[in-house]
Amino acid sequence: MTFTEPQPFALAIHGGAGTIKRSALTPVLTEGYHAGLRRALTAGHEVLADGGSALDAVTAAVMALEDEPLFNAGRGAVFTAEGVQEMDAAIMDGRDRGAGAVAGLFGPRNPILAARAVMEHSEHVLLIGEGALDLCRRQGLAMEEGPYFFTQPRWDALQAELERRRSGTPDDGDEQRRHGTVGAVARDRDGNLAAATSTGGMTAKAKGRVGDSPVIGAGTFADNITCAVSATGHGEHFIRRCAAHEIDARMRWAGQSLERAAGDVVAELGVIGGSGGLVAIDRDGRMALPFNCSGMYRGAIGPEGLPMTAIHREGYRIG
């Protein structure tokens, strides 16, 4: 499969930009990340291959990533400076720009389902905190307690960051600590596009901090006329540049290809300190997976059903 060739249906995913340093990436961890990406690709592909919608495909893929503790979303969410977890998620339907998002959420097993509940069962686009939780309970979403979401590596990362701040040690710019997100974009057999994004945010983030993931047009966007985008990175910069919608605008009004528009936007973000990347798909099934940092957990799959996954700047593993 060639990313720049049209596909009748296809799916691209990311498990966050700012990957673990190569020196710390053991063979066991490497296989764990690839296996998690493959599971997500397979989950989304099964939907598309059966004639399902792009919306259902990105939901299935993101749920699989939320269930994998290695990724910073759902079960693997990082901790705030106060030692709690606050999760954000968004989903968008390219058919009519229907969208739903949640922020500052803790409780739903799969935050992406909470975002979809906002889209499908409320008159709103974005709900936060208790209001979002009330909707989740009314819709009967699966809920979990603290122990389900707790992972020792995330807790240890928080303690290390808090100690760094207490000691006054300069920030080393560790990309993995600064951002991590999961997301998916898809085109279905009917030509419909969809995007979904979910995150735990930044390690030791301030209470109530919300990044770009649940902000429609910044970290998540979909419109059948142009493209679907799910971003990952330093959210404040992606918000200021309306990154996802900027790709749409360049395609829509400047006639740029997805590859050029997505690549240029990510490169420009890097110039201003916006470390990160994104996955995107256009109306014809062409895909782009650019990033401006050391790596991005990512993958793609087309009609042939062969998952392609990668972590750093390397060739893709196939199958």
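The paragraphs below go from the whole chain to its sheet, two buried residues and the aromatic pairs.

This is a predicted model, in which local features need pLDDT of at least 70, side-chain atom pairs count only at pLDDT 80 or more, and totals for chains, interfaces and linings use all residues. Residues are numbered from 1 along each chain as its sequence is written, and side-chain values use heavy atoms, with hydrogens and water left out.

The chain has ten helices and 13 strands; these are DSSP runs numbered from the N terminus, helices being H or I of at least four residues and strands E of at least two. Its radius of gyration (over C-alpha atoms) is 18 Å, close to the 20 Å given for 319 residues by the globule rule, so the chain is as compact as a globular protein of that length. That rule is 2.2 Å times the number of residues to the power 0.38. Along the principal axes, the C-alpha atoms fill a box of roughly 55 × 45 × 35 Å. Of the 319 residues, 58% count as buried, where buried means under 20% relative accessible area, exposed over 50% and partly exposed in between, with a 1.4 Å probe and protein chains only. Among contacts (heavy atoms within 4.5 Å) between residues at least 6 apart in sequence, 68% join residues at least 24 apart.

One open sheet has four strands in the order β7-β8-β9-β10, with antiparallel pairing; two strands pair if DSSP finds at least two bridges between them. Its edge strands, β7 (220-222) and β10 (287-288), each pair on one side only. Strands β8 (227-233) and β9 (276-282) are joined in the antiparallel sense by seven bridges, and A228 stands opposite I281 in β9. Two helices lie across this sheet. Helix α9 (243-254) crosses β7, β8 and β9 and runs at about 145° to β8, while helix α10 (258-271) crosses β8, β9 and β10 and runs at about 165° to β9. The axes are lines fitted to C-alpha atoms, for helices over the stretch in contact, and angles run from 0 to 180 degrees between N-to-C directions.

T181 is listed by UniProt, in an unreviewed entry, for "active site"; such annotations may be inferred rather than shown by experiment, and positions are given in the numbering used here, with feature names shortened. T181 sits in the loop between α7 (175-178) and β5 (182-187) and is buried at 3% relative accessibility. Leaving out residues up to four places away in sequence, its contacts include H14, N72, S213 and, in β8, T232.

L65, in helix α2 (54-66), is buried at 0%. Beyond four places in sequence, L65 touches residues including H14, G36, F71 and V182. The C-alpha atoms of L65 and G36 are 6.8 Å apart, although 29 residues separate them in sequence.

The whole structure holds nine aromatic pairs. Rings of Phe, Tyr and Trp (its six-membered ring) pair if their centres lie within 6.5 Å; planes under 30 degrees apart count as stacked, over 60 as edge-to-face and the rest as tilted. The pair of F3 and Y316 is edge-to-face because the centres are 5.3 Å apart and the planes at 85°. F3 precedes β1 (10-17) and Y316 lies in the loop between β12 (308-312) and β13 (317-318), so the pair ties together parts 313 residues apart in sequence. F3 is buried at 16%, whereas Y316 is partly exposed at 25%. F150 and W155 form a tilted pair, with centres 6.0 Å apart and planes at 45°. Both are partly exposed, F150 at 36% and W155 at 29%. Y33, F71 and Y297 form one aromatic cluster.
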